[in-house]
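This briefing goes through one protein model, topic by topic. Please keep the sequence and the 3D view at hand while reading.

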Amino acid sequence: MPNAPSDPPRRITVRRRGPMLVEGPVEVELEDGTTVSSDRFRVALCTCRRSRRYPWCDTSHRSRTPPKDRSGGSPQERPDD
């Protein structure tokens with residue numbers, strides 16, 4: 001494991017309809033076993049798989065209209081974006 005037990009834990013911020021923000025630097029192992037890394041202080045990991053730069057988020061999720069809310073209100077009216 002790259003982190004020593006005395007290192008503080010990495011902080012990961014989860015967004016409902018957005019990327020997962022991870023304090024870097026990070027190393028990500030993909031499904032096919034390849035590894036990608038970033039030495040940035042914070043990275044955005046794509047959770048919707050629409051990114052052209054997957055696993056990094058490139059905000060492609062914004063270009064698609066979210067599904068309509070079943071309660072009748074539009075998704076844009078919700079304050080949690």
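**Serine 38 and the overall picture**

Serine 38 is buried, because its relative accessible area of 13% falls under the 20% limit. The model that shows this is predicted. The protein has five strands and zero helices, in the order β-β-β-β-β along the sequence.

**Around serine 38**

- Serine 38 sits in strand β4.
- The side chain of serine 38 reaches the backbone nitrogen of arginine 40 at 3.3 Å.
- Apart from neighbours within four places in sequence, serine 38 is in contact with Pro25, Val26, Val43 and Trp56.
- One of these contacts, Pro25, belongs to the loop between β2 (20–23) and β3.
- Glycine 24 and proline 25 are joined by a cis peptide bond, with omega at about 0 degrees.

**Strands β3 and β4**

- Strand β3 (residues 26–29) and strand β4 (residues 35–38) run antiparallel and are joined by four bridges.
- Valine 28 has valine 36 of β4 as its bridge partner.
- The hairpin of β3 and β4 has five residues between the strands, and glycine 33 in this hairpin takes a positive phi near 95 degrees.

**Nonpolar core**

- Which residues make up the largest nonpolar core? It consists of six residues: Val22, Val26, Val28, Val43, Leu45 and Trp56.
- Strands β3 and β5 each supply at least two residues of this core.
- Valine 22 is in contact with Arg11, Ile12, Phe41, Arg42, Val43 and Leu45, leaving aside its neighbours within four places in sequence.
- Among the contacts of valine 22 are thus the core residues Val43 and Leu45.
- Val26, Val43 and Trp56 are core residues that are also in contact with serine 38.

**Cysteines**

- How many disulfides does the structure hold? The count is zero.
- The sulfur of cysteine 48 has its closest cysteine sulfur in cysteine 46, at 3.8 Å; a disulfide needs the two sulfur atoms within 2.5 Å, so this pair is too far apart for a bond.
- Cysteine 57 is in no disulfide either, and the nearest cysteine sulfur, again that of cysteine 46, is 5.6 Å away.
- Is cysteine 57 buried or exposed? Cysteine 57 counts as buried, because its relative accessibility of 17% is under 20%.
- Cysteine 48 is partly exposed, because its relative accessible area of 32% lies between the limits of 20% and 50%.

**The segment after β5**

- Serine 51 is placed in the segment after β5, and so are arginine 49, proline 55 and threonine 59.
- Serine 51 is buried, because its relative accessible area is 11%, under the 20% limit.
- The side chain of serine 51 reaches two backbone nitrogens: that of arginine 53 at 3.0 Å and that of tyrosine 54 at 3.4 Å.
- Not counting residues up to four places away in sequence, serine 51 touches Cys46, Trp56, Cys57, Asp58 and Ser60.
- Trp56 therefore appears among the contacts of both serine 51 and serine 38, as well as in the largest nonpolar core.
- Tyrosine 54 and proline 55 are joined by a cis peptide bond, with omega at about 15 degrees.
- Arginine 49 is a residue other than glycine with a positive phi, near 65 degrees.
- Threonine 59 is partly exposed, because its relative accessible area of 36% lies between 20% and 50%.
- Threonine 59 and cysteine 48 are 11 residues apart in sequence, and their C-alpha atoms are 9.9 Å apart in space.

**Whole-protein values**

- Of the 81 residues of the protein, 23% count as buried.
- The accessible surface comes to about 6900 Å², and 47% of this surface belongs to carbon and sulfur atoms.
- Of the contacts between residues at least 6 apart in sequence, 21% join residues at least 24 apart.

Key: Residues are numbered from 1 along each chain as its sequence is written. This is a predicted model: local features need pLDDT of at least 70, side-chain atom pairs count only at pLDDT 80 or more; totals for chains, interfaces and linings use all residues. Side-chain values use heavy atoms; hydrogens and water are left out. Buried means under 20% relative accessible area, exposed over 50%, partly exposed in between (1.4 Å probe, protein chains only). A polar contact is a pair of N or O atoms within 3.5 Å; within protein, one must be able to donate a hydrogen and the other to accept it, and residues adjacent in sequence count only if both atoms are side-chain atoms. Contact means heavy atoms within 4.5 Å. Two strands pair if DSSP finds at least two bridges between them. A nonpolar core is a set of buried Ala, Val, Leu, Ile, Met, Phe, Trp, Tyr and Cys residues joined through side-chain atoms within 4.5 Å. Accessible areas come from the Shrake-Rupley method with a 1.4 Å probe; for residues, only the protein chains shown count as cover.
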